[in-house]
Amino acid sequence: LDVGDYACKFKNGYVPSVRFERKSIGDLFGTIGKGHERFDREIERAKQYEVRLILLIEGTMSKVAKGYEHSGMKGDTVIKIIFSLWERYGLYPVFCKDREECSRYIIEFFSAIGRKAQKELKKVKQ
């Protein structure tokens, strides 16, 4: 993918303009810290391609706030940066308790898009 880690392609070929960027807590601290330039470019690519990018974090906000032992950044600082990115670029953050919950979030999100598309198709056929 040019943007994000996860996308969806429906059987009819439709690809929603939504991508998920999944981050473990360690990845998140690295991305917000030293990797921020690369991440900024990815956010800009999403805007250029008119793709809604959702930041899916494998950890609760409380867990992020506690920090990450291999990073010099404070957890509260990382949270402030995440929410600033949301306000500035529309990068919507979602905190999940673990990887399993992240997977379910992705499935439920794209399933909802599919249900909506099916309803709209039925209306058009009537």
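Which side chains does a polar contact of 3.2 Å join? Keep that question in mind as you read these notes; the reply comes at point 4.

1. **The overall picture.** Before anything else, remember that this is a predicted model. The chain holds five helices and three strands. Reading from the N terminus, you meet the elements in the order β-α-α-β-α-α-β-α. Along the principal axes, the C-alpha atoms fill a box of roughly 60 × 30 × 25 Å. Of the 126 residues in the chain, 36% are buried. Have a look, too, at how the chain folds back on itself: among contacts with a separation of 6 or more, 69% are between residues 24 or more positions apart.

2. **The strands and how they pair.** Start with β2, residues 52-58. This strand pairs with β1 in the parallel sense over seven bridges. On the other pairing, five bridges join β2 to β3 (residues 92-96), and these two strands run parallel as well. You can find individual bridges in the viewer: Glu21 has Leu55 of β2 as its bridge partner, and Arg22 has Leu56 of β2. For the pairing with β3, try Ile54, whose bridge partner is Tyr92.

3. **How covered are these strands?** In β1, six of the seven residues are buried, which leaves the strand mostly covered. The count for β2 is also six buried residues of seven, so β2 is largely enclosed by the rest of the structure.

4. **Lys23, and the reply to the opening question.** The contact of 3.2 Å joins the side chains of Lys23 and Thr31. Lys23 sits in strand β1, residues 18-24. Is Lys23 buried or exposed? With a relative accessible area of 6%, Lys23 is buried, because the cut-off for that word is under 20%. A second polar contact, of 3.0 Å, links the side chain of Lys23 to the side chain of Glu21. Leaving aside residues up to four places away in sequence, Lys23 touches Leu28, Thr31, Arg38, Leu55, Leu56, Ile57 and Glu58.

5. **Helix α1 and its buried side.** Helix α1 spans residues 25-32. Its buried residues are Ile25, Leu28, Phe29, Thr31 and Ile32. They lie on the same side of α1, because they cover an arc of only 165 degrees around the axis. A general point helps here: an α-helix has 3.6 residues a turn, so residues three or four places apart point the same way. What covers the buried residues of α1? The cover includes β1, α2, β2, α3 (61-65) and α4.

6. **Leu28, a good residue to click on.** Leu28 is found in helix α1 and counts as buried, at 1% relative accessibility. Not counting residues up to four places away in sequence, Leu28 touches Lys23, Leu55, Ile57, Val64, Val78 and Ile82. One of these, Val64, is 36 residues from Leu28 along the chain, yet their C-alpha atoms are separated by 8.9 Å.

7. **The nonpolar cores.** In soluble globular proteins, nonpolar side chains tend to be buried together. Here the largest nonpolar core has 19 residues, and the members touching the most others are Leu28, Leu55, Ile57, Val64, Val78, Ile82 and Leu91. Two or more residues each come from α1, α2 (36-48), β2 and α4 (75-89). Val78 shows how such a core is knit: it touches Leu28, Phe29, Ile32, Val64 and Met73, again not counting residues up to four places away in sequence. Apart from this core lies another, of twelve residues, among them Phe20, Val94, Phe109 and Ile113.

8. **The cysteines.** How many disulfides does a search of the whole structure find? The search finds zero. For Cys8, the closest cysteine sulfur is in Cys102, at 17 Å, which is too far for a bond. Cys96 makes a useful exercise, because its sulfur is 3.8 Å from the one in Cys102 and that is still too far, the cut-off being within 2.5 Å. Both Cys8, with a relative accessible area of 17%, and Cys96, at 2%, are buried.

How values were computed:
Residues numbered from 1 in each chain as written. Predicted model: local features only at pLDDT ≥ 70, side-chain atom pairs only at ≥ 80, totals over all residues. Heavy atoms only, no water. Core = buried A, V, L, I, M, F, W, Y, C linked by side-chain atoms within 4.5 Å. Buried < 20%, exposed > 50% of the residue type's maximum accessible area, 1.4 Å probe, protein only. Helix = DSSP H or I, 4+ residues; strand = E, 2+ residues; numbered from the N terminus. Contact = heavy atoms within 4.5 Å. Polar contact = N/O pair within 3.5 Å; in protein donor to acceptor, adjacent residues only side chain to side chain. Arc of directions from axis to C-beta. Pairing = 2+ DSSP bridges.
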